[in-house]
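Me: I am new to this structure and would like to go through it in questions and answers. Please show it to me before we start.

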Amino acid sequence: MQVHKAYRFRIYPNDEQRVLLAKVVGLCRLVYNLALEQRRTFSRKGRHVGYHAGANDLVPLKAEFPFVKEAPSQCLQQALMDLNKAFENFFAGRAGYPKPRRKFENDSCRFPQGFKVGRHRLKLPKLGEVRMVAHRRLKGTPKSVTVTREGDHWYASIACVFEATDPAPRRMREGGIDLNVATGAVTSDGLILPMPNISPEEMSRRARLKRSLARKKKGSRNRLKAKRALARFEAKLARRRRNAAHRISRHLADTHTHLAFEDLKVQTMTASAKGTVENPGRNVAQKAGLNRAILDVSPGQIRRLTKYKAAWAGGMCVEVPAGYTSQYCSECGQHPKDSPETEHLEHGRVSRDRFECPLCGYAAHADVNAARNILARGRPHWAASPDYTDGRSVPACGGLRPKRAREAGTKDRGRPHA
């Protein structure tokens, strides 16, 4: 099968290259935003203009503003292709209306050709050779290079395509994954894979950086310094979350053949409760704190990473409805309100971490009970497969555990129990 894989390395441009890269990403952002405004103003409602409408304007734009020529033409064309893809997703109902790119948030440019990848060197058009730390060798044929700025760091993502052999058959092991704010990712086997939450000290530091930025005069040099300091701090937190999400997704893909996740609508869950002037919201500060905690766990990122890694390993990931997975008993399949004697109980959770069913007496970690319910809802999705066997009769397989992984309800930090 054909596999598309990107390798992300940090690059170290010199002072001259750093200035030129900043100009290139800025010009790509300028062209993207100009084309977006052009489509807003001149395109008919509901009509998709297409890529060529903006690409034909690049030549007169360079003639009128010569500084645009400092960026490679292919990078500007790729920015227009990104906008075209954004509109295609919008008209297909997969995404919202495209938004303008912002400085320090969308600083990237893509080189589709003209580059050359060495062992620790990356040659780019108009930039020359850039020093790169390649911590692993590339596999396949490089197709494009995307250069991104995060804080004060520059990274190169090299997209490669190669033919991979079909994954070897594995002994089936299925699992349900509960993603929550308190514990991170919890499997139906009782394994907790925590995400690194932001500490109170880091919260205070981020608040100080934001206050410092708000006090600076717009357009001043000190405001630019404060904005870069905040961007560096946010980039550090993002790298930590991304690393933990990769470790968790790799463990799940390596140790399971069938996985079920909750179909969480993260964008809806983290919507602001501010309301409007006519109808102001309630508990706005508490809801904002909950939104930060949900995004800190990165449930959408863990699902996305696990999906493609499981597919590479020959596994399968499905998403199931998330309603009431923490309230139903995973042993008897009933809700406490199903019985007249216990209808006064809202659900079987006796504490934040403990679930006890008043109907059958089953007791377990609350998140493990939810993960088992998620697994039960996921089984019908893959039960029709001819090679399906009841995963409950298959013993748990071994495998390396991510750092800080532990069994639910215990302090064991060794390998997962069979």
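Me: Of the contacts in the protein with a separation of 6 or more, what percentage comes from residues 24 or more positions apart?
Reply: This is a predicted model, in which local features need pLDDT of at least 70 and side-chain atom pairs count only at pLDDT 80 or more, while totals for chains, interfaces and linings use all residues. Residues are numbered from 1 along each chain as its sequence is written, and side-chain values use heavy atoms, with hydrogens and water left out. A contact means heavy atoms within 4.5 Å. For residues 24 or more positions apart, the share is 67%.

Me: What is the average pLDDT of the protein, and how many contacts does the stretch 391-418 have beyond near neighbours in sequence?
Reply: pLDDT is the predictor's confidence in each residue, from 0 to 100. The protein averages 83, and 85% of the residues score at least 70. Over residues 391-418 the pLDDT is below 50, and the contacts of this stretch in the model beyond near neighbours in sequence number 59.

Me: Which residues of strand S4 point to one face and are buried?
Reply: Strands are DSSP runs (E, at least two residues) and helices are runs of H or I of at least four, numbered from the N terminus. Buried means under 20% relative accessible area, exposed over 50%, and partly exposed in between (1.4 Å probe, protein chains only). In a regular strand the side chains alternate between the two faces of the sheet. Along S4 (residues 121-124), Arg121 and Lys123 point to the other face and are not buried, whereas the buried ones are Leu122 and Leu124.

Me: Which residue in S5 stands opposite Lys123?
Reply: Two strands pair if DSSP finds at least two bridges between them. S4 and S5 (residues 128-133) are antiparallel, with 4 bridges. Their hairpin has 3 residues between the strands, and Lys126 in the turn has a positive phi of about 65°. Opposite Lys123 stands Glu129.

Me: Which residue stands opposite Leu122?
Reply: Strand S3 (residues 116-117) runs antiparallel to S4 and is joined to it by 2 bridges. A hairpin through 3 residues links S3 to S4. The residue opposite Leu122 is Val117.

Me: Why does Phe65 count as partly exposed?
Reply: Phe65 lies in the loop between helix H3 (58-64) and helix H4 (73-91). Phe65 counts as partly exposed because its relative accessibility is 35%.
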